Amino acid sequence: MPVKFKARATLRADVTASLVVFLVALPLCVGIAVASGVPAELGLVTGIVGGLVVGLLPGSSLQVSGPAAGLTVLVYEAVQAYGLAVLGVLVLCAGLLQLLMGALRLGRWFRAISVAVVQGMLAGIGMVLIAGQVYAMADAKAPAGGPAKIVGLPGLGGDLLGGGIAPTAALLGAGTIAVLVLWPRWRRAAKVLPAPLAAVGLATAATAAFDLPVARVRVQGVLEAVQPPGAQDFGALLSVGVAATVLAFTLIASAESLFSAAAVDRLHDGPRTDYDKELMAQGAGNAVCGALGALPMTAVIVRSSANVAAGARTKLSRVLHGVWLLLFVAALPGALGMIPVATLAAVLVHAGWRLIPVRQFVPLWRDHRAEAVVLAVTAFAIVGTNLFEGVLVGLLLAVVKTAWEISHVQVETEDAGADQALRVRVLGNATFLRLPKLLDQLESLPADRSVELNLAGLRHVDHACGMALAAWEEEHNSRAGAAPSLSPAAQGPAGSGGPGGSAPPPG
């Protein structure tokens, strides 16, 4: 194909894909902002920055960035705790940390995070998001905290049966979810109009046509909504809670973006993602969003997959989607005020459900039960505490699981005769996690026979195990009426007790 025609075909594909991504991103940007407790316009500002700033930077060519449902819960909690003015400080500092990590080439290390923890994090976010947004679907105020939201659900059911505007809003939200589920099955229509925009558009039209008495999105204008942080707002960084929130923003946004990049790379045959450059691109975007007082951003798999499926070929598609968002904000800002809050809540309930790996959990439980436990514990820890503490619980459990799995210890005995010491070899990795089982095996040996304990077959022995084994041999041989006889080989390879291990004291 001639170069001119190839370039024209590429341009046409990118323009078409950008329009599809714009139509997918528009309702999500607005809905995530409303659910985060900030003006709707700030979600669009983050989407614009994701297109015009991150879209131009190197890293991932087809991945699309913007406000993400995965950070909604954390942003809402931060705004409620510290105020909207401090949000810009949080996002700006998180962006600067991402830039630093990218410059230090730490992006690739995010691939070492347990997939079960990430899936559990998204599942926990999804459950908290659903529990909170079902209240917004009924135009009701959600209680604070995950447990309180769940406990309050029966009371919400009573409100729906009691009449008023709650049943009307709930029916509107339920209809929105029905459109979101059924619209993709109408393939011709789905190719022209994405399901989120179709659902919001139909619900908005029904609300206007029947003059439904439901809450609508509050509009204050982009210039009024954009409030850059002042110098006094940076004083909040002295608070431990604020610093922890910055760290949570940084780690969660980075992990979600880079895991999304790995998923998007599997969807196309184009250039692969440079993780360090992508991390710096996300950092630059978040720094700009923070300077504008807007929402934090991540790479979003929903928009990214829509971009690839629509035939995008270069980064121009994601830049143009930011242009279309900017033109919408400039030309039709009043259109936001016509959208029912219950409809946007329904969009996020649907998005929250998609974050929960329901279909993947059963095969994961069957084939990798320990991973399934880590996923479930992380998710429910987030619901029971908060996002940051829940993720820490998941990471700790994943480390313990890994340490347990690699701590395989095997005991072998060799009997050279009744007049000789019983030779006992310990093989594998001896850590404190396996120490009780190891001591049980050793104590099952004949009490009237002295032993010669050989630890040369251990690849690793930690200090606790080394001390315990030496003490056991000394005590056993004392009871057997013989002097302890720890062999020279018991010190392990090079006398170190194995790589990274400590040599046990002589028995």
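## Exercises: a pocket and three salt bridges

The second largest pocket is lined by 38 residues, with Val 34, Ala 35, Gly 37, Tyr 76 and Ala 136 lying nearest its centre. On a 1 Å grid over the protein atoms alone, a pocket is an open set of points with protein on both sides within 12 Å along at least five of seven lines, and lining residues have an atom within 4 Å of a point. This is a predicted model: local features need pLDDT of at least 70, side-chain atom pairs count only at pLDDT 80 or more, and totals for chains, interfaces and linings use all residues. Residues are numbered from 1 along each chain as its sequence is written, and side-chain values use heavy atoms, without hydrogens and water.

**Exercise 1.** Find which element gives the largest share of the lining of the second largest pocket.

*Solution.* Start with the elements that give two or more residues: helices H1 (3–35), H3 (72–82), H5 (115–137), H6 (146–151) and H18 (369–384). Helices here are DSSP runs (H or I, at least four residues), numbered from the N terminus. H5 provides the largest share, six residues.

**Exercise 2.** Work out whether Lys 401 is buried or exposed, and find its salt-bridge partner.

*Solution.* First, the partner is Glu 371, with the closest N and O atoms 2.7 Å apart; a salt bridge needs a side-chain nitrogen of Lys or Arg within 4 Å of a carboxyl oxygen of Asp or Glu. Next, Lys 401 counts as buried because its relative accessibility is 12% (buried: under 20% relative accessible area; exposed: over 50%; partly exposed: in between; 1.4 Å probe, protein chains only). Glu 371, at 22%, is partly exposed.

**Exercise 3.** Locate the salt bridge between Arg 479 and Glu 475.

*Solution.* Both residues lie in helix H21 (463–479), four residues apart, about one turn of the helix. Their closest N and O atoms are 3.0 Å apart.

Key. On a 1 Å grid over the protein atoms alone, a cavity is a set of points where a 1.4 Å probe fits but cannot get out, and a pocket is an open set with protein on both sides within 12 Å along at least five of seven lines; lining residues have an atom within 4 Å of a point.
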